[in-house]
Number of protein chains: 2
Amino acid sequence: MEQGDCNFATEQTIGIIGLGLIGGSYAKGLRRLGTAKLIAVDVDEEALQAALADGVIDEGHQAGGEFLAQADMLIFCMAADAMLEFIRGNAAHFKDGAILTDVTGIKGDMARTIEGMLPAGVDFISGHPMAGREGKGYGMAQAEIFDGANYIIVPSPANKAEHIGKVRAMAYALGCAHVVTVSPEEHDKLIAYTSSLPHVLATALVNSEAMSPMTKFFVAGSFRDGTRVADINAPLWTKLFLSNKENLLYEIDRFGDALQTFADMLRREDTPAITQYLQQAAMRRRELVHEKHTH
Amino acid sequence: MEQGDCNFATEQTIGIIGLGLIGGSYAKGLRRLGTAKLIAVDVDEEALQAALADGVIDEGHQAGGEFLAQADMLIFCMAADAMLEFIRGNAAHFKDGAILTDVTGIKGDMARTIEGMLPAGVDFISGHPMAGREGKGYGMAQAEIFDGANYIIVPSPANKAEHIGKVRAMAYALGCAHVVTVSPEEHDKLIAYTSSLPHVLATALVNSEAMSPMTKFFVAGSFRDGTRVADINAPLWTKLFLSNKENLLYEIDRFGDALQTFADMLRREDTPAITQYLQQAAMRRRELVHEKHTH
């Protein structure tokens with residue numbers, strides 16, 4: 001049993017840098033597991049006060065500093081640029097032997113950049129849960145976002161196996177169903193298909209020049225589902241798309257090909273080919289996504 | 001108040017032709033409203049027995065016949081080809097002054113074809129609720145599918161205004177929030193965009209040649225939502241796509257343009273343009289679809 005190899009150690013001090021939806025969810029999950037001490041850093045004083053009042057964290061700080069030396073593990077729950085800036089400014093404070101990890105969505109050569117900033121005894125293990133949720137802020141955080149989720153670890157050659165094992169142990173302890181390990185290159189290719197592309201399709205669908213005053217009365221479940229993520233955080237996703245540009249352009253082209261294949265079959269009214277295409281889609285959907293039909 | 005103009009008359013006999021998910025939902029909704037007599041026709045004897053046992057219908061038949069002459073209104077809840085065949089075989093049985101209506105998803109010149117089969121005193125008012133649900137069969141039917149839904153009526157020049165008003169009254173009585181009236185041409189254009197296109201995109205996304213053994217671990221909420229309807233009834237949707245071919249090809253092209261616009265902005269790394277494109281998408285999504293974020 002994979003989980004059995006690596007039990008999560010609760011007698012540690014963990015720092016959460018960025019106490020929003022994801023950071024707050026880590027804090028709540030780790031508190032529930034009995035983590036000895038939880039420290040959070042966030043510019044938002046209200047979020048810190050709320051988490052202290054909830055008993056979810058033991059210490060709150062609005063910026064980095066020497067107190068970071070307490071932490072056996074630091075989890076960065078913020079955008080890549082803010083994380084780089086924080087690490088640059090606080091590298092001297094990290095405990096020798098500390099494990100750093102993150103939740104950023106595109107990996108590229110970020111780990112290498114961070115490794116260049118860190119003292120020899122500090123290990124940055126890149127990763128993230130596949131557990132995005134709508135909404136934002138500590139108020140929306142919940143330990144349950146990890147339940148049954150997949151957790152991706154993207155190690156670099158410099159990472160110690162023992163440290164990777166500790167991040168894996170944490171993911172399973174938080175409730176994740178699977179923890180998988182991939183290279184940064186493979187990670188960004190897969191994410192381009194499973195996350196960036198669906199966001200592009202949703203926005204292109206709603207931006208297609210088909211609007212009439214009647215359109216809203218014709219909105220069907222398929223349109224509702226297909227455009228759900230079009231209600232997007234525009235500045236955040238602009239950055240994510242640009243940071244994975246080549247992979248995303250490749251997936252857009254490949255999707256365009258699949259769409260054109262369908263259009264050609266429809267144009268020549270090739271009934272058996274269309275039916276087979278749809279049957280393949282139904283089969284693949286069932287293989288890829290296991291879920292109860294709840295609506 | 002639109003509803004006030006046209007109260008639903010319960011002292012009538014209504015026939016439901018096809019007692020599956022949609023037909024069963026009409027029957028349950030109409031029974032709840034106190035409709036005097038409900039007759040159903042379905043080849044599936046078990047569905048009829050279940051509905052009789054539930055008290056949802058008063059009479060069940062496995063085929064058409066003279067008993068149809070009782071019905072003030074007949075609601076066809078079946079595919080277009082089966083409906084045409086039923087009407088062709090039973091036109092002589094319909095009551096003088098009866099209103100016929102349907103739920104088929106693509107309209108084309110179907111109403112004209114049906115009008116050619118009907119005696120002078122029988123009026124066919126085409127329409128459908130925007131209330132599709134996953135699942136199938138009488139067992140999944142529920143009166144609640146109409147709650148807050150939109151209802152589309154697609155009148156022909158031959159329809160009597162009074163009869164259109166009766167279908168509208170029924171839709172409001174069943175719980176629909178809006179009843180709108182459009183021409184068959186406009187209907188099929190709108191449906192191509194709001195229903196057919198999202199189904200094509202979902203199947204093309206899952207059929208895109210991007211699969212690896214790792215893909216399933218990277219499935220995000222956006223992919224899950226964007227491919228939900230890819231688990232499709234292939235023979236049914238093949239027919240629907242082919243029956244609305246020109247409009248659907250037009251929407252696929254237009255979507256391809258929107259996608260290409262995005263790819264071009266990404267290729268030239270035009271940050272302000274991408275951000276604006278995403279902001280427009282977010283605004284349009286919120287205008288078009290009002291819903292609580294439940295997951």
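Which side chains meet in a salt bridge at 2.8 Å, N to O? They are those of Arg286(B) and Asp231(A). That pair is a good way into this predicted model, and the contact between its chains comes next.

**Where the chains meet**

The count of salt bridges between chain B and chain A is six. The elements of chain B that each give two or more residues to the side touching chain A are strands S7 (150–154) and S8 (178–181), together with helices H6 (184–207), H7 (221–226), H8 (234–243), H9 (245–267) and H10 (271–288). Of these, H6(B) gives the most, with 17 residues. Sorted by class, the side of chain B that touches chain A holds 46 nonpolar, 22 polar and 17 charged residues.

The contact as a whole draws 85 residues from chain B and 86 residues from chain A. The size of an interface is often given as the accessible area lost when the parts come together. Here chain B and chain A bury about 8900 Å² between them, and 68% of that lies on carbon and sulfur atoms. Across this interface, 32 residue pairs are in polar contact, with both residues at pLDDT 80 or more.

**How the copies are related**

Two copies of a chain are related by a rotation about an axis and a shift along it. In this model, chain B is superposed on chain A by a rotation of 180° with 0.0 Å of shift along the axis, at an RMSD of 0.1 Å. This is the relation of a two-fold axis. The C-alpha of chain B nearest the axis belongs to Gly226(B), 2.3 Å from it. Both copies use the same surface, as 100% of the contact residues of chain B recur in chain A.

**Two residues of chain A**

Now for a look at single residues, set side by side.

| Residue | Place in chain A | Relative accessible area |
|---|---|---|
| Arg88(A) | helix H3 (residues 80–90) | 55%, exposed |
| Thr35(A) | loop between helix H1 (21–33) and strand S2 (37–41) | 3%, buried |

Thr35(A) counts as buried because its relative accessible area of 3% is under the 20% cut-off. What does the side chain of Thr35(A) reach at 2.8 Å? It reaches the backbone oxygen of Leu30(A). Leaving aside residues up to four places away in sequence, Thr35(A) touches Phe8(A), Thr10(A), Gln12(A), Ile14(A) and Leu30(A).

Arg88(A) counts as exposed because its value of 55% is over 50%. Its C-alpha is separated by 27 Å from that of Leu52(A), and the two residues are 36 residues apart along the chain.

Note on methods
Residues are numbered from 1 along each chain as its sequence is written. Chains are lettered from A and ligands numbered from 1 in the order in which they are written. This is a predicted model: local features need pLDDT of at least 70, side-chain atom pairs count only at pLDDT 80 or more; totals for chains, interfaces and linings use all residues. Side-chain values use heavy atoms; hydrogens and water are left out. Contact means heavy atoms within 4.5 Å. Buried area is the accessible area (1.4 Å probe) that two parts lose on being put together, summed over both. A salt bridge is a side-chain nitrogen of Lys or Arg within 4 Å of a carboxyl oxygen of Asp or Glu. A polar contact is a pair of N or O atoms within 3.5 Å; within protein, one must be able to donate a hydrogen and the other to accept it, and residues adjacent in sequence count only if both atoms are side-chain atoms. Helices (H or I, at least four residues) and strands (E, at least two) are DSSP runs, numbered from the N terminus. Ala, Val, Leu, Ile, Met, Phe, Trp, Tyr, Cys and Pro count as nonpolar, Asp, Glu, Lys and Arg as charged, and the others, Gly among them, as polar. Copies are superposed by least squares on the C-alpha atoms of residues with pLDDT of at least 70 in both. Buried means under 20% relative accessible area, exposed over 50%, partly exposed in between (1.4 Å probe, protein chains only).
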